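Colleague: I am new to this structure. Can you walk me through it, one question at a time?

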Amino acid sequence: MKLYKFKRDYAYLVLQRLEKRRILRKVTKGKYSALDNVFKVASNLYYPSYISFLTASMLKKATDQMLRVVQVASNHSKRILFDDYTIELVKINKEYLFGYENLNGVFVADNEKLLIDMVAYRNYSGNFSEIVNVVVNLEFNKQKIIIYLKKINNQSLIKRVGFLMEM
């Protein structure tokens, strides 16, 4: 459905001019932003998507590491350079894209989903001590974790998260 009454070429011309004037910035093919906040840009590139893994751990102050990679759980897989940061879109199953909250325009995994994501996708979670830092430094609603784990329905994941919560 067309929302405009001009040709596609003209739309590209307008986008190029706005980019040249530094009103808009090209993030990736077909995606532009007027924002400078890398976290807002990263979490709003695709729907649904949210910041998770070590980046969310850093934003929630559960780790001391300062990252230059913004890890986004999405149903796309891509690396995008934005300022001094790398936006890394981590492809996860579309059914698992839930459990996030909007914090001033930035979509971030809630504490319970952050723990589950870090255990389920260890390649993006750093070493085991980073997962332990999340367990120690954040507060969890155990009922919410149970609901999320039932929704995912992965026995191995249930056992691993249960072991961490008993610690």
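Modeller: Start with a term: buried means under 20% relative accessible area, and exposed means over 50%. Keep in mind that this is a predicted model.

Colleague: Which residues of α7 are buried, and what arc do they cover around the axis?

Modeller: Leu157, Val161 and Leu164 are the buried residues in α7. They sit on the same side of α7, because they cover an arc of only 55°.

Colleague: Which helices do the buried residues of α7 pack against?

Modeller: The face turned away from the buried side of α7 carries the exposed Gln155, Lys159 and Glu166. The buried residues pack against α4, α5 and α6.

Colleague: Which residue caps the N-terminal end of α7?

Modeller: Look at the backbone nitrogen of Ser156. A side-chain oxygen lies 3.1 Å from that nitrogen, and the oxygen belongs to Asn154.

Colleague: Is Lys60, which meets Glu101 in a salt bridge, buried or exposed?

Modeller: The side chains of Glu101 and Lys60 meet at 3.2 Å, N to O. The pair links distant parts of the chain, 41 residues apart, with Glu101 in strand β7 and Lys60 in the loop between α3 and β4. Glu101 is partly exposed at 30%. Lys60 has a relative accessible area of 18%, under the 20% cut-off, so Lys60 is buried.

Colleague: How many residues apart in sequence are the parts that Asp36 and Arg25 tie together?

Modeller: The side chains of Asp36 and Arg25 form a salt bridge of 3.3 Å, N to O. Asp36 lies in the loop between β2 and α2, and Arg25 in strand β1, so the pair ties together parts separated in sequence by 11 residues.

How values were computed. Residues numbered from 1 in each chain as written. Predicted model: local features only at pLDDT ≥ 70, side-chain atom pairs only at ≥ 80, totals over all residues. Heavy atoms only, no water. Buried < 20%, exposed > 50% of the residue type's maximum accessible area, 1.4 Å probe, protein only. Helix = DSSP H or I, 4+ residues; strand = E, 2+ residues; numbered from the N terminus. Arc of directions from axis to C-beta. Contact = heavy atoms within 4.5 Å. Polar contact = N/O pair within 3.5 Å; in protein donor to acceptor, adjacent residues only side chain to side chain. Salt bridge = Lys/Arg side-chain N within 4 Å of Asp/Glu carboxyl O.
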